[in-house]
Amino acid sequence: MVTTVRSLGLQGISGYEVSVECFLSGGLPAFDVVGLGDTAVKEARERVRAAVKNCGAKFPVSRITVNLAPASMKKEGTVYDLPILLGILACAEEIPALPKNAAFIGELSLTGTLRPVTGVLPMAMAAARAGIEKLFVPAPNASEATLADGVTVYGVETVDQLVRALRGEEVIEPETKWEAPAEMPMIPDFADVMGQENVKRALEIAAAGGHNILLIGSPGAGKSMLARRIPSILPDMTRQEALEATEIWSVAGLTNAGHPMLTVRPFRAPHHTLSPVAMAGGGSIPKPGEISLAHNGVLFLDELPEFDRAVIEVLRAPIEDGEVTITRAAGSLTLPSRFMLVCAMNPCRCGWYGHPSGKCRCTKQQVEKYVEKISGPMLDRMDIHVNVPSVEFEAMRRREKAESSASVRSRVNAAREVQKKRFAGTNITCNAQMEPAMVGEFCRLDAAGEKILKGAFDRLGLTARSHDRLLRVARTIADLEGCEAIEPGHLAEAIQYRNTDILRG
């Protein structure tokens, strides 16, 4: 007798349906799992055997063959424990035939308790696409699975509970759809930052248009402090953006029962010792890296020159394309990676070059060598370069509170609403993502603006890429001011953010 249990698997960050086929036959007792499973899948045999006996059911004494179809796709993880167990019990007629419109996923403990698995959200979304109406998952994963529309989710605590429900002896109530809490999580506020009004203005522009920004200044000027407050002024995420980001975090195992969905834009700040694979993603079985975990959010690289050059150069293509393709022996995987890049660096190795105190003892050659760790192509991809000066004593002793993040965020949201209407019907969500044809359409200049732009192009030695990025920043400044057209003042402010001379003091 052959029974088939519907289940789900992961390929990258996308789910797909897996059929778990179980066959009991005569011969010497054996238990084989085929279908291109990894070590964790092979080890399911022992977990299933112990869980069946500890839930009070009888484990069949026969030759058991389990096939995970499609057999041509690599299977990994412990997600197939539960469907394998149910297939064996159904074959042995310990439980009635399983419903055709239901799917099962979950890891088993030896006692029969269900443990949570990663990647539940993309699997639940794949279940809805496959026409599956009921999805049984471990109880800790149930709230996350409810984020997928079109499928009823049942949280299961133990195998014994599920077996009784399948026999009609108990009823498992469907999980209530998870709703985000009304209050926002606590995020550091711009009101805590004294002074640095010019830097706050640059960060507001960057957040409003999704632009990359480079902060350059001496130690203690507040670069990291300012960067870590960027999430507090970023625009609200749409549900689609939140689901895209949550899918990636789910596969990486970063969601939990208490917070199954990202409610604020992700902020990733990896240490400078990470490898190119950790940044871009990969491994023997490709997994998301930092640039994908920052999708629809912020990737913050503190002390930029301290990162390995190969790590920094990995960012070049994803910044332009909004995605990264990873090719390994196990297959090729394309992951989304549309993020706002925020970098901070000192002007030299000791950090004091150009500081009024005169502490710096670096030679000109040492300063140039330090700055040259950042390649020209990477600098060209930074929309805004801003100097972060040392905070003055008067600003530190000022008693009145600075402008709060809520005030800045309201202006950012207003600017994003303008951009949402402008790019309606496209996959573009902010000015930084505009394609060249869109730049020509939405960033037109009058005669005075053309004259200013030509002067800047010649004086600063702009490239075609930096020319377009400058216009995108000017468009964002105009949006913040509520202006339909880019005025000369907007363009002049954007130009001052392309001044790379600050990299040399």
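**Exercise 1. Find which residues have the most contacts inside the largest nonpolar core.**

Step 1: A nonpolar core is a set of buried Ala, Val, Leu, Ile, Met, Phe, Trp, Tyr and Cys residues joined through side-chain atoms within 4.5 Å. Buried means under 20% relative accessible area, exposed over 50% and partly exposed in between, with a 1.4 Å probe and protein chains only.

Step 2: The largest core has 103 residues, and Leu315 and Leu341 have the most contacts inside it. Its largest share, eight residues, comes from helix 3 (residues 81-91). Helices (H or I, at least four residues) and strands (E, at least two) are DSSP runs, numbered from the N terminus.

A quick note: this is a predicted model, where local features need pLDDT of at least 70, side-chain atom pairs count only at pLDDT 80 or more, and totals for chains, interfaces and linings use all residues. Residues are numbered from 1 along each chain as its sequence is written, and side-chain values use heavy atoms, leaving out hydrogens and water.

**Exercise 2. Work out which strands stand at the edges of the open sheet.**

Step 1: Strands pair if DSSP finds at least two bridges between them. Five strands line up as 11-14-17-10-18, with parallel pairing.

Step 2: Strand 11 (267-268) and strand 18 (384-387) each have a single partner strand, so they stand at the edges.

Step 3: Now try strands 10 (residues 213-216) and 17 (residues 340-345): four bridges join them. Leu215 has Ala344 in strand 17 as its bridge partner.
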